[in-house]
Amino acid sequence: MKRILLLAFPLIALVARAEDARLTLAREVIELTQADKMINQLVPQIQQMTAQMSAPMLDKLTPEQKAKVEESQKRVVAIAMESAKAMLAKFDTVYAEVYSEAELKAMKAFFLSSEGKSMIEKQPALMQKMMPIMQEMQRELMPKVQAAMGDLQQTLQATTPSQPAVGLPPAAPAAPQEAAK
């Protein structure tokens with residue numbers, strides 16, 4: 001038994017070193033992709049999204065209420081950023097689990113190349129150009145989603161007449177039928 005343990009120890013150490021190497025490479029790849037900068041660039045987008053969501057009600061609010069809305073928007077941005085940074089902190093482990101050491105080395109080499117650096121430098125411009133496309137898609141999608149949800153609500157109401165669908169007022173009780181004469 002001791003011999004098996006003595007033979008297994010170097011193997012375990014080798015595997016641990018390989019995992020450490022992959023984790024180190026994963027961190028380097030993530031750093032090269034400037035993922036942290038991309039996350040920081042989300043701030044204006046999140047601010048715009050929260051502003052759009054609250055815009056319809058702002059006209060009806062007092063200055064004090066508007067200040068509370070703005071404070072709430074800042075909290076939403078802070079929460080979103082904290083969550084995104086926590087997610088980013090876990091990427092290295094995921095990369096190390098998914099990619100082999102050879103793949104991570106190849107990624108690192110690419111991101112160190114002039115083409116890789118160019119790709120990273122152009123990411124903000126790419127995202128900026130994609131944002132209007134995504135916003136347009138959302139504008140087109142929302143009425144369709146709302147219509148589908150309305151259809152679902154009607155279907156639920158039609159299939160369960162004794163129980164009103166969620167969000168709908170209860171149906172009026174059926175009138176008692178007269179006895180046959």
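**View 1. The E101–K105 salt bridge in helix 5 of the predicted model.** E101 is partly exposed, at 28% relative accessibility. Its partner in a salt bridge is K105, with 3.4 Å between the closest N and O atoms. K105 has a relative accessible area of 47% and is likewise classed as partly exposed. Both residues belong to helix 5, where they sit 4 residues apart, about one turn of the helix.

**View 2. Helix 5 and its buried residues.** Helix 5 spans residues 101-112, 12 residues in total. From first C-alpha to last, helix 5 reaches 16 Å, close to the 16 Å expected at 1.5 Å a residue. L104, M107 and F111 are the buried residues of this helix. They lie on the same side of helix 5, because the arc they cover around the axis is only 60°. An α-helix has 3.6 residues a turn, so residues three or four places apart point the same way.

**View 3. The D92–R27 salt bridge.** The side chains of D92 and R27 form a salt bridge with an N to O distance of 2.7 Å. D92 is in helix 4 (residues 63-98) and R27 in helix 1 (residues 2-32), so the pair ties together parts that are 65 residues apart in sequence. D92 counts as buried at 10% relative accessibility, whereas R27, at 45%, is partly exposed.

**View 4. The E71–R75 salt bridge in helix 4.** The side chains of E71 and R75 meet at 3.4 Å, N to O. The two residues are 4 apart within helix 4, about one turn of the helix. R75 is partly exposed, with 47% relative accessibility. The whole structure contains 5 salt bridges.

Conventions: Residues numbered from 1 in each chain as written. Predicted model: local features only at pLDDT ≥ 70, side-chain atom pairs only at ≥ 80, totals over all residues. Heavy atoms only, no water. Expected span 1.5 Å × (residues − 1). Buried < 20%, exposed > 50% of the residue type's maximum accessible area, 1.4 Å probe, protein only. Arc of directions from axis to C-beta. Salt bridge = Lys/Arg side-chain N within 4 Å of Asp/Glu carboxyl O.
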